[in-house]
Each structure stands twice: as C-alpha cells, then as structure tokens.
Amino acid sequence: MTSKASRTSMAARNLLLTLASLLFLFLAAELLTRLLDPRIPFQGDDDAVWSIHRRSPDPVLVYQPKPGARSSRPRVWDAGQTVTYTINELGLRDREDMAAEKPAGTRRVVFLGDSVTLGLEVDLEETLVKQVEQRLGPDVECLNLGVSGYSPLQEVALLETKGLRFAPDLVVVCYNLNDPVDFSGELGYFFRQEAQGRLLRFGGYRTGYWLGCSKFLGWLSYRVEKLLALKETRNHLAEVVEGARRERVEEVLGQAGTGSGLRNAPPPAEPTAGLAAGTTWGWVTAAHRNRESWAGVRAAFIRLGAISQAEDIPVLLAILPVFVDEQPYPFADVHRFVAAEARNSGLTVIDLQPGLDGPLSELSFDSLHPNTEGHRALAAILAPEAARRLRR
C-alpha cells in the first residue's frame with residue numbers, strides 16, 4: 001500500500017515538475033521574443049490605435065472601440081509630443097464622464113466617420129468634433145462615434161446599433177475621399193487574429209485574444225501559418241465580412257428599388273492631367289467611378305436618408321478634402337459627385353474644401369489626416385452649418 005502511495009506521490013511530483021518546466025520555458029520564450037521583438041504582420045498589440053479596439057460579433061462592423069481602453073504614443077509629426085487615445089465606458093473616444101442619457105436642456109450632435117473623425121494623431125480636445133462643440137456653446141454635446149478605418153456602411157450600422165440611443169438632435173457624417181475603398185489597417189489585424197485562431201483549432205475568435213496578448217504565441221502561429229501557407233485560412237474572415245457587407249448593400253438597394261425616386265448622379269469625369277490622373281492619387285476618382293466600390297457608399301447614403309426621415313433627425317454630410325496644394329483643386333468633380341448622390345438620398349451636404357484658406361498641405365501630416373491646425377480649420381467651417389441645422 002505504501003509503495004502504491006509512493007508511486008502516486010512521485011507521479012504527481014513529476015507532473016508538477018513537468019508543468020513548472022513548461023511554464024518556465026514559455027516565460028523564457030516570451031521574454032526572449034519581446035526582447036528580440038520580431039515584426040509580425042498585423043500583430044498590432046503594441047500599436048496605439050489597434051490596441052483600443054476589440055472584436056465585434058457584427059460581421060459588418062468586425063471591430064469596435066473597447067470600453068476603458070487607453071493607449072499613448074509619440075506623434076507622427078513630432079516625436080517630442082505624445083498623443084493619447086482613451087475610450088470611455090460608452091465605447092467612444094470621448095470624455096469619461098459623458099452620460100448615456102441626454103441631460104435635460106442639452107442638444108446632442110452625433111459625429112460618424114473614420115480615423116479623421118476619431119482624431120488620428122491628435123488629442124481629444126484637438127479633434128474637429130470637440131472643436132465644433134466648443135463653438136456651439138455649453139448647451140450642445142458633440143459625441144465622437146468615429147472609428148478608425150470604418151466605411152460609410154459601417155458608420156450607418158454603428159448609428160443604428162449605438163448612435164440613436166444617445167437621442168441625437170443632429171447627425172454629422174464626415175466623408176473622407178478614401179471611403180469607397182478599404183483603408184483599414186485595423187481590419188487586417190483582426191483578419192490575422194481570426195486566421196491564427198482557426199489555425200490552432202481551439203477557442204475560435206477567443207484564441208486571437210491570447211495570440212494578441214502573447215508575442216511568442218503570435219510569432220509562433222505566424223511562422224507555422226507561413227510554413228503551411230494556409231491561404232484559405234487567412235482569407236476566411238475576409239470572405240465572411242465581404243459576404244455580410246454585400247448582403248447588406250443588396251438589401252438596402254433592393255428596398256430602395258427603382259420606384260423610390262432616387263437617381264444616380266453623373267459620375268466624376270476621368271482626369272487627364274495633374275495629381276488626380278497620376279498613379280499616387282488616381283485611385284480617388286477611380287473608386288468613385290467604380291460601380292461596385294461606390295455601391296456600398298450609395299447604400300449607406302440611402303439608409304441614412306431613411307433614418308433621417310423615420311427618426312426626424314437631420315443628417316449633415318461633411319465632405320473632407322485631400323490636403324494637396326495643386327491648383328485648381330484636383331478632386332472638385334469627385335466632391336460634386338458625392339454631394340449630388342447624398343442630396344439625392346435626402347441628406348444635407350457641406351463641402352469643407354472651398355472654405356479652407358492657404359496651402360492645404362500645412363493642415364495635414366499625410367495629405368489625408370488633418371493635424372491640429374487642420375482640425376481647427378475644418379471645425380470653423382462646419383460649426384456654423386451645424387448650428388443652423390440645430391435651429392431648424
């Protein structure tokens with residue numbers, strides 16, 4: 001009997017020793033990987049923008065801001081300064097003390113958009129959302145529902161699932177000229193997480209969370225995935241997302257129908273010279289001339305028009321410029337096309353480009369995203385129009 005108990009005790013000690021050894025090896029591997037810091041495509045767990053998002057169960061949204069998240073990093077255009085991203089408990093990059101219920105005597109403006117609206121590379125109070133709020137007075141709250149990388153179709157979905165709960169008196173949609181195409185680095189990060197989760201075959205989407213927390217597991221799964229060349233695995237989430245968005249677009253356009261009175265605006269002209277015709281910026285006009293890429297934006301405009309009418313909430317589309325100095329402005333025809341399509345869907349439009357003074361390049365750090373001065377200049381043009389819509 002003693003011999004059997006002794007063998008059981010020895011087996012338990014051996015098991016504990018083995019587990020302790022494995023834990024030690026894992027911690028050593030994790031430490032070594034963090035010290036060497038190998039670059040893993042779409043790992044993103046140490047990136048200030050990626051790390052403030054979480055997976056969304058909605059296949060159209062894919063990801064959304066993570067309540068309580070906070071991250072800081074040096075500014076792109078000035079490493080001596082730090083930009084901080086903080087997500088409040090409502091899931092917004094906004095003030096932490098903001099209440100879900102609209103205070104009595106307060107009017108609310110909900111802002112939808114992508115990384116420009118979120119405020120890439122600027123602090124919260126520097127964003128055009130808060131700059132507009134300051135100009136509208138103490139009885140107006142401007143809520144920042146901007147999400148980096150979101151398309152208009154995602155922005156509308158976010159308005160329906162979250163934005164309308166805040167009882168807005170006005171909705172402002174900030175339209176970026178890259179909206180018809182997918183410019184979402186965050187989306188690529190979640191594609192990678194999903195691919196890694198499917199590769200290891202346990203935990204499903206949750207596996208991606210642990211791979212995002214561990215540098216070693218992320219690196220190991222990336223190397224195994226690359227070794228096995230699992231193209232179908234990597235593309236799985238992309239197919240799910242594309243299918244869900246296509247279904248949403250077909251649903252909205254199908255409901256609108258040919259008898260709705262909606263009409264397509266004449267597409268922007270094909271540029272023959274200048275920046276708009278070059279390889280660097282030619283995609284702007286091409287994306288707005290392409291029927292497939294434009295269908296998602298058109299569906300979003302139609303849905304926004306329907307929400308505006310059903311909820312009796314005005315929707316203002318603010319068209320943002322590309323911050324380039326070529327004269328005349330090379331994308332005026334694209335702005336005209338977007339404005340006409342939005343008005344055809346029942347939206348009010350303000351084009352922010354004509355009101356900007358001086359070299360546009362001085363208002364941006366990368367030609368697409370405004371810097372601090374750029375946000376201030378855009379807000380100065382947008383605020384009076386927002387005030388008029390609130391007084392309707």
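Helix α4, residues 152–161, is mostly covered, with 8 of its 10 residues buried. Those buried positions are Pro152, Leu153, Gln154, Glu155, Val156, Ala157, Leu158 and Leu159. Keep in mind that this is a predicted model.

Let's stay with α4 for a moment and pick out a polar residue. Gln154 sits in this helix, and its relative accessible area is 1%, so Gln154 counts as buried. What does Gln154 touch, leaving aside residues up to four places away in sequence? The list is Val60, Leu61, Gly149 and Arg245. There is a polar contact to mention too: a polar atom of the Gln154 side chain lies 2.8 Å from the backbone nitrogen of Ser151.

**The sheet**

Now for the strands. Five of them make an open sheet with parallel pairing, in the order β6-β5-β7-β8-β9. The edges belong to β6 (140–144) and β9 (348–351); each has a single partner strand, so one side of each is left without a neighbour in the sheet. On average, and ignoring direction, neighbouring strands here are turned by 20° against each other. As a general reminder, strands of a sheet pair through backbone hydrogen bonds, either parallel or antiparallel.

Strand β7 covers residues 170–175, and 6 of its 6 residues are buried. Which way do its side chains point? Leu170, Val172 and Cys174 go one way, Val171, Val173 and Tyr175 go the other, and all of them are buried.

On one side, β7 pairs in the parallel sense with β5 (residues 107–112) over 4 bridges. Its pairing with β8 (residues 315–319) is also parallel and uses 5 bridges. Some of the matched positions along β7 are easy to find by eye:

| Residue in β7 | Opposite residue | Strand of the opposite residue |
|---|---|---|
| Cys174 | Ala318 | β8 |
| Tyr175 | Ile319 | β8 |

Towards β5, Leu112 has Val173 of β7 as its bridge partner.

**Helix α3 and what lies over it**

Helix α3 (residues 128–136) is another mostly covered helix, with 7 of its 9 residues buried. The buried ones are Leu128, Val129, Lys130, Gln131, Val132, Glu133 and Leu136, a list in which Lys130, Gln131 and Glu133 appear alongside the leucines and valines. What covers them includes β5, α2 (115–118), β6, β7 and α13, and of these β5, β6 and β7 belong to the open sheet described above. Just after the helix, Gly137 takes a positive phi of about 100°.

**Cores**

In soluble globular proteins, nonpolar side chains tend to be buried together. The largest nonpolar core in this model has 79 residues, and the members touching the most other members are Phe111, Phe301, Phe331 and Leu382. Helix α13 (residues 372–390) gives the most to this core, with 9 residues. Phe331 is a good place to look around: not counting residues up to four places away in sequence, Phe331 touches Leu177, Ala276, Trp281, Val284, Thr285, Val322 and Val324. A second, separate core has 7 residues, among them Leu153, Val252, Ala256 and Ala299. Leu153 takes us back to α4, where it is one of the buried residues.

**Aromatic rings**

How many aromatic pairs does the structure hold? There are 9. One of them joins Phe26 and Phe216, edge-to-face, at 6.0 Å centre to centre with 70° between the planes. Phe26 belongs to helix α1 (residues 2–36) and Phe216 to helix α7 (residues 215–228), so this pair ties together parts that are 190 residues apart in sequence. Are the two rings' residues buried or exposed? Phe26 is partly exposed at 31% relative accessible area, whereas Phe216 is buried at 18%.

Elsewhere, ring pairs link Tyr175, Trp294, Phe301 and Phe337 into a cluster. Two of these names have come up already: Tyr175 is one of the buried residues of β7, and Phe301 is among the best-connected members of the largest core.

**Out in a loop**

To finish, here is a residue on the outside. Gly358 lies in the loop between β9 and α13, and its relative accessibility is 51%, so Gly358 counts as exposed. Gly358 is 33 residues away from Asp325 in sequence, while their C-alpha atoms are 8.8 Å apart in space.

Methods
Residues are numbered from 1 along each chain as its sequence is written. This is a predicted model: local features need pLDDT of at least 70, side-chain atom pairs count only at pLDDT 80 or more; totals for chains, interfaces and linings use all residues. Side-chain values use heavy atoms; hydrogens and water are left out. Buried means under 20% relative accessible area, exposed over 50%, partly exposed in between (1.4 Å probe, protein chains only). Helices (H or I, at least four residues) and strands (E, at least two) are DSSP runs, numbered from the N terminus. Two strands pair if DSSP finds at least two bridges between them. Axes are lines fitted to C-alpha atoms, for helices over the stretch in contact, and angles run from 0 to 180 degrees between N-to-C directions. A polar contact is a pair of N or O atoms within 3.5 Å; within protein, one must be able to donate a hydrogen and the other to accept it, and residues adjacent in sequence count only if both atoms are side-chain atoms. Contact means heavy atoms within 4.5 Å. A nonpolar core is a set of buried Ala, Val, Leu, Ile, Met, Phe, Trp, Tyr and Cys residues joined through side-chain atoms within 4.5 Å. Rings of Phe, Tyr and Trp (its six-membered ring) pair if their centres lie within 6.5 Å; planes under 30 degrees apart count as stacked, over 60 as edge-to-face and the rest as tilted.
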